[in-house]
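Biologist: I am new to reading structures, and I would like a close look at a single part rather than a quick tour of everything. Could you choose one part and walk me through it slowly?

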Amino acid sequence: MRGLTRLRRATDTLFFRLVLLVVLTVISSQTFTLWLAARERTHLVSQQLYTEVVNTLADLEGMLDVLPRAERPRFLESYNRPGLPQLLPNDAANGIEFSDRMPSLGTALRERLSVGLGEPVPVRWRRLGDRNELWVSVHVVGEQYWLVLPLGRFTGGTTHAIWLAATLASLLAMVVAFLIAWRVTRPLIRLAGAAHQLGEGQTPAPVPPTGPHEIVSFTRRFNSMVVALDAAARERRLMLAGLSHDLRTPLTRLKLSVELQPDNTDREGMLDDIDELSRIVRQFIDFARSEEVLHREPVALAELADSVVARFRREDLDVHLERHTDAELQLDPLAMERLLSNLIENARRYGATPIVVTVDADDAGVRLTVTDQGAGIAAAQREAALAPFERLAEHRGTDGGSGLGLAIVSRIVKQHEGVLRFLDPDDGGFAVQVTLPRQ
């Protein structure tokens, strides 16, 4: 099944279709050319045979007409020679096996003789080893004879030479078609690769503008679009980071002022609101940083998870780590710390304790799973939960979150070529699993 899928993908490519188009065109044109050449050759050879038959009959009739009937057999015995036209009696065909299939040359000659002589002319085809003979039934001086024409010089190897030349020309045309299709599709393959990188959140290198004029124009426009998107992304990151940074200072002053106030009924609520605003600002900063280029280095994912879990445990959160592998991966440690922190924070805010962080491995890669005992996200809402600023308050509480937590996680997973899954464990609860490739 996998091989069939690969074959279907290969036959659906523009490269394959261009090559197929040229190959079919070449084969069709060569076939038509060969048919036309064979038809014209048959026409010319039949014209020559017709002329030879008419001239031979005229000569023989002139010679036999002056001879007495009794001397005509002796004259024909001396006249008939192997390899030359022969005039045989009508009974000479008795016991001879003729070919059931009449070639196009014999058919064309029969039609010409029938038209020229004004009556149907029987024609037979005989094959003797590597020699061919054409037997034509004719009337000479009032008697029925067989005019036997050897066809050695009319059925030579010209056809084989034409077929060989056509085959070589077709192969050459196919090679040229392969090279042309490769040159046409190569820029498109580069564009597809660059578009894939762009879709994965990366900024691809400029694609060389090569190929036909239309592809060159399209490539230049694509490169311009990538530059514009990259500039817009940089401006967005700068704006988010600058705005978030500028908000942290007044929030810090505001929190300090509230803490210095005497105790009252609104003090705790105001401090909680300020902490919530600080968390939102921090998520804005993390979201802006998640678009930055990764700085990969060997990271033991279990050690990193142990550090993050210990930090949350110091905040009296019921969370613990289950580590089943100590594999090292090429990761961005700061990005992975943000990823795990967001998953644990989501589990604390929207789920229920205890929270379990599991690090294990399988053939697909190293897996990081965060499981809580909450109701989780409804299946219909899981795709939307990964979008930036998407809040599922009706499903996971009403706490005034920014809706960036899972968006940050999803972006970091894509940057590490990983896979993000939502799971519903058999023993209840809800889990978010990240699988990271080993390479």
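Modeller: Here is a walk around one pair of helices and what surrounds it in the sequence, with a short look at some other places at the end.

Before we start, please keep in mind that this is a predicted model, in which local features need pLDDT of at least 70 and side-chain atom pairs count only at pLDDT 80 or more, while totals for chains, interfaces and linings use all residues. Residues are numbered from 1 along each chain as its sequence is written, and side-chain values use heavy atoms, with hydrogens and water left out.

The chain has 11 helices and 11 strands. These are DSSP runs numbered from the N terminus: H or I of at least four residues for a helix, E of at least two for a strand. Of the 439 residues in the chain, 36% are buried. Buried means under 20% relative accessible area, exposed means over 50%, and partly exposed is in between, with a 1.4 Å probe and protein chains only.

Now to our pair. Helix α9 covers residues 333–350 and helix α11 covers residues 405–415. They pack at an angle of about 145 degrees, and their axes are 9 Å apart. An axis here is a line fitted to C-alpha atoms over the stretch in contact, and angles run from 0 to 180 degrees between N-to-C directions. The crossing of α9 past α11 is left-handed, meaning that the near helix is turned anticlockwise from the far one by less than a right angle (clockwise would be right-handed).

Which residues of the two helices make the contact? From α9 come A335, M336, R338, L339, N342, L343 and N346. From α11 come G405, L406, I408, V409, I412 and V413. Contact means heavy atoms within 4.5 Å. Sorted by class, there are nine nonpolar, three polar and one charged residues in this contact. For this sorting, Ala, Val, Leu, Ile, Met, Phe, Trp, Tyr, Cys and Pro are nonpolar, Asp, Glu, Lys and Arg are charged, and the others, Gly among them, are polar.

Stay on α11 for a moment and find A407, which lies in that helix. A407 counts as buried because its relative accessibility is 4%. The C-alpha atom of A407 is 9.7 Å from that of A384, although 23 residues separate them along the chain.

Next, follow the chain out of each helix. In the loop between α11 and β10 (419–423) you meet E417, whose phi is near 55 degrees, a positive value in a residue other than glycine. Most residues other than glycine have a negative phi, and most peptide bonds are trans. E417 is partly exposed, with a relative accessible area of 44%. In the loop between α9 and β8 (355–362) sits P354. A cis peptide bond joins T353 to P354, with omega at about 5 degrees.

Further along is strand β9 (residues 365–372), which holds T369. T369 is counted as buried because its relative accessibility is 10%. Leaving out residues up to four places away in sequence, T369 touches V356, V357, T358, A431, V432 and Q433. With Q433, the two side chains also make a polar contact at 3.3 Å. A polar contact is a pair of N or O atoms within 3.5 Å; within protein, one must be able to donate a hydrogen and the other to accept it, and residues adjacent in sequence count only if both atoms are side-chain atoms.

The segment after β11 (430–436) includes Q439. Q439 is exposed, with a relative accessible area of 89%. The C-alpha atoms of Q439 and G365 are 8.6 Å apart, with their positions 74 residues apart along the chain.

Finally, here are some places elsewhere. D316 lies in the loop between α8 (301–313) and β6 (319–323); its phi is near 65 degrees, again positive in a residue other than glycine. D316 is exposed, at 73% relative accessible area. In helix α6 (residues 213–260) you can find L229, which is partly exposed at 43% relative accessibility.
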